[in-house]
Amino acid sequence: MEKEVIQDLILRYGVLLGKRNTERQKTAFLRAAQKQLEQAGLSVDITCVSASVMRRETMNMYNLYAGDFKKADVVFITYYDTPLWQLLPKEQKAFDANWSKGNFLLHTLLFLSCVALIAALLYLLVIPSLQEHGFVSFWGVVLVLLCLCGFYGIRQMRGGIATGNTMVRNSSSLIALFALACELSEQEKQHAAFALIDEGTRSEYGLRMLQEYIGKRHLQRVYLDSIGNAGVLQGFAERHIQEELHEELAEHVEWHDLAEGKHAYGDILITSGAYDKHEVTLQVNESSAAQEHVLTAVTFLHRLYHYLQT
């Protein structure tokens, strides 16, 4: 895989489409991802479910599936939605939504405070001045600008404030899968599938949608999380899978047992970082070496796919 291709993908999906929090941001990303994967020679299917999760208002959740799931033997999975800005910072772990109800409540309070502030300005300052000077005045302009800013802020903050740097979590994993899709041969694409799932940073409802989409078909599920994280590749799988993969792929990844609670993510879980006490901590703001990590991950994933096919 050429570095220029990775750089182009990083610009497109790590910068221009780096935020995927609001429905508008998600659908813009999905349109670009659909075009990207179709150009790679894969058919694309996007499903939508409207549901209320975690006592929130009803929202639309989208999953993107690429490739022929009826013929595929291996499906590569990662989430595309953007985590919320941590108002109360805490360590984030790979293969965990890292969802904090307290953090979401703080986002909600901040949102309500902004709405209350705008309403107070209108009631106490703008409306009395309009009554005195009329709409065709400086205060008319203030009213229009305040309303426009208010509507924009409400739209952007309605679901919480998305974090600004998404390269580690989880644009890097998306870029790795796009690069892998481009690198596979036409024959390889016949037995490979890809799933980009929603709500990976909150309710993880996208995993449930994926399971329903797969149904009873048996596919090897390879789940990626935060491939651009600082450190070496870390793999998690059942012991018998580790033993099968160890000799061929040991130089690329450190293997560990798959914890009981992580089976819902996949059969093989891949991330980057330092392994300590059965977990991998994410350094979400350290993205300077993301390009090198993505290149390493693509090479490894291609070899892993070949091995799973044999």
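## Exercises: strands, rings and a cavity

β10 and strand β11 (residues 279-282) pair in the antiparallel sense over two bridges. The model is predicted, so local features need pLDDT of at least 70, side-chain atom pairs count only at pLDDT 80 or more, and totals for chains, interfaces and linings use all residues. Residues are numbered from 1 along each chain as its sequence is written, and side-chain values use heavy atoms, with hydrogens and water left out.

**Exercise 1.** Place β10 and β11 in their sheet.

*Solution.*
- Strands are DSSP runs of E, at least two residues, and helices are runs of H or I, at least four, numbered from the N terminus.
- Two strands pair if DSSP finds at least two bridges between them.
- Three strands form an open, antiparallel sheet in the order β4-β11-β10.
- β4 (92-93) and β10 (275-276) are the edge strands, each pairing on one side only.
- Asp 276 has Glu 279 in β11 as its bridge partner.

**Exercise 2.** Classify the ring pair Phe 69 and Tyr 213, then state the burial of each residue.

*Solution.*
- Rings of Phe, Tyr and Trp (its six-membered ring) pair if their centres lie within 6.5 Å; planes under 30 degrees apart are stacked, over 60 edge-to-face, the rest tilted.
- The count comes to 15 aromatic pairs.
- Phe 69 and Tyr 213 are edge-to-face, at 5.2 Å centre to centre and 85° between the planes.
- Phe 69 is in the loop between β2 (59-66) and β3 (74-79), and Tyr 213 is in helix α7 (residues 205-214), 144 residues apart.
- Buried means under 20% relative accessible area, exposed over 50%, partly exposed in between (1.4 Å probe, protein chains only).
- Phe 69 has 4% relative accessibility, so Phe 69 counts as buried.
- Tyr 213 has 26%, so Tyr 213 counts as partly exposed.

**Exercise 3.** Do the same for Phe 95 and Tyr 223, then name their ring cluster.

*Solution.*
- This pair is tilted: 6.2 Å centre to centre, 55° between the planes.
- Phe 95 is in the loop between β4 and α3 (101-133), Tyr 223 in strand β6 (residues 220-224), 128 residues apart.
- Phe 95 is buried because its relative accessibility is 4%.
- Tyr 223 is buried because its value is 2%.
- Ring pairs link Phe 95, Tyr 223, Phe 236, Tyr 265 and Tyr 275 into a cluster.

**Exercise 4.** Find the charge over Phe 29.

*Solution.*
- The rule asks for NZ of Lys or CZ of Arg within 6 Å of the ring centre and within 35 degrees of the ring normal.
- Arg 20 lies over the face of Phe 29, 5.3 Å from the ring centre.
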